[in-house]
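Visitor: I am new to this structure. Please show me how to read its features, one at a time.

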Amino acid sequence: MINTSNFDYINVLDKAADGSYLRNEAISNNIANATTPNYKRQDVAFEEALRSSILGATEGSLDKKIHNVDLSTVRPTVFTDTGEVSYRLDGNNVDIDTENTELAANQIMYNGLMTSVNAEFANLKMV
C-alpha cells in the first residue's frame, strides 16, 4: 500500500483486487472438491466491508471518502457455506455449474479492477 493521497484510489482498488484474488482461490478449491463427500463450499466476503468503510469514512465528496478510508480494517473473510442445501446424498453442497459461473464473474471483476488500476497509473503518468 502506498501512503500518499495521490494513490488513494489505487490503494482501494488494490484492496478490492486482494479480495477478488482470495475469492478466486476459494472458488477453485470448491471446484477441486466438487466430488469430495461432506465438503462444504467456501466463499469470501469483502465487498460489504469495503463499501461500509468507504461510506462511513466521512461526509463529503467521494474523493474525501476514499482519502479517509482506513483500509487496515477491511479484511477479506473466508467463510464456509454450511446451509442445509446439499446437491448430493453425501453432504457435498458444491454445484459445479454455479461455481464455474461464479469463477467467470470473479475473473471479470478482477480484470476490471486491474484495468482501473492501470488507468489510475496512466492518469498519474500524464500529470
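Guide: We will go through salt bridges, a helix pair and some single residues. Keep in mind that this is a predicted model.

Visitor: Let us begin with salt bridges. How many does the structure hold?

Guide: The general idea is a short distance: a side-chain nitrogen of Lys or Arg lies within 4 Å of a carboxyl oxygen of Asp or Glu. The structure holds four of them. One of them joins Asp 43 and Arg 23, with the closest N and O atoms 3.0 Å apart. This pair links distant parts of the chain: Asp 43 sits in strand S1, residues 42-45, and Arg 23 in helix H1, residues 8-32. The two are 20 residues apart.

Visitor: Is Asp 43 buried or exposed? And what about Arg 23, buried or exposed?

Guide: Buried means under 20% relative accessible area. Asp 43 has 14% relative accessibility, so it counts as buried. Arg 23 has 10%, so Arg 23 counts as buried too.

Visitor: Which residue forms a salt bridge with Glu 99?

Guide: Arg 41 does, and the closest N and O atoms are 2.6 Å apart. Again the pair links distant parts of the chain. Glu 99 belongs to helix H4, residues 96-126, while Arg 41 lies in the loop between H1 and S1. They are 58 residues apart. Both Glu 99 and Arg 41 are buried.

Visitor: How buried is Glu 99, and what is its relative accessible area?

Guide: The relative accessible area of Glu 99 is 1%, so Glu 99 is buried. Next, look at its contacts. Neighbours within four places in sequence are set aside. Glu 99 is then in contact with Ile 27, Asn 30, Ile 31, Arg 41 and Val 94. Its salt-bridge partner, Arg 41, is on that list.

Visitor: Asn 30 is on that list as well. Where is the place of Asn 30?

Guide: Asn 30 is in helix H1. Its relative accessible area is 0%, so Asn 30 is buried. Leaving aside neighbours within four places in sequence, Asn 30 is in contact with Tyr 39, Arg 41, Gln 42, Val 94 and Glu 99.

Visitor: Now take Glu 48. Which side chain does it meet in a salt bridge?

Guide: Glu 48 meets Arg 51, at 2.6 Å from N to O. Both belong to helix H2, residues 47-55. They are three residues apart, so about one helical turn separates them. Glu 48 has 48% relative accessibility and therefore counts as partly exposed. Arg 51 has 43%, so Arg 51 also counts as partly exposed. Salt bridges can share partners too: they join Arg 23, Asp 43 and Glu 47 into one network.

Visitor: How is a pair of packed helices described? I would like to look at H1 and H4.

Guide: Two packed helices are described by the angle between their axes and the distance between the axes. Here the axes of H1 and H4 come within 9 Å. They cross at roughly 160°. Angles over 145 degrees count as roughly antiparallel. H1 and H4 are therefore roughly antiparallel to each other. H1 passes H4 in a left-handed crossing.

Visitor: How do the residues of the contact of H1 with H4 divide?

Guide: They divide into 17 nonpolar, eight polar and four charged.

Visitor: Next, the backbone. What is notable about the phi of Asn 38?

Guide: Most residues other than glycine have a negative phi. Asn 38 is not a glycine, yet its phi is positive, about 65°. Asn 38 lies in the loop between H1 and S1. At 56% relative accessibility, Asn 38 counts as exposed.

Visitor: Let us finish with two more loop residues. Where does Asn 68 lie?

Guide: Asn 68 lies in the loop between helix H3, 62-67, and strand S2, 77-80. With a relative accessible area of 39%, Asn 68 is partly exposed. Sequence and space can be read side by side. Asn 68 and Ala 49 are 19 residues apart along the chain, and 15 Å separates their C-alpha atoms.

Visitor: And where is the place of Ser 61?

Guide: Ser 61 is in the loop between H2 and H3. Its relative accessible area is 37%, so Ser 61 is partly exposed. Ser 61 and Ala 104 are 43 residues apart along the chain, with their C-alpha atoms separated by 33 Å.

Key: Residues are numbered from 1 along each chain as its sequence is written. This is a predicted model: local features need pLDDT of at least 70, side-chain atom pairs count only at pLDDT 80 or more; totals for chains, interfaces and linings use all residues. Side-chain values use heavy atoms; hydrogens and water are left out. Helices (H or I, at least four residues) and strands (E, at least two) are DSSP runs, numbered from the N terminus. Buried means under 20% relative accessible area, exposed over 50%, partly exposed in between (1.4 Å probe, protein chains only). Contact means heavy atoms within 4.5 Å. Axes are lines fitted to C-alpha atoms, for helices over the stretch in contact, and angles run from 0 to 180 degrees between N-to-C directions. Angles under 35 degrees count as roughly parallel, over 145 as roughly antiparallel, 65 to 115 as roughly perpendicular and the rest as oblique. A crossing is left-handed if the near helix is turned anticlockwise from the far one by less than a right angle, and right-handed if clockwise. Ala, Val, Leu, Ile, Met, Phe, Trp, Tyr, Cys and Pro count as nonpolar, Asp, Glu, Lys and Arg as charged, and the others, Gly among them, as polar.
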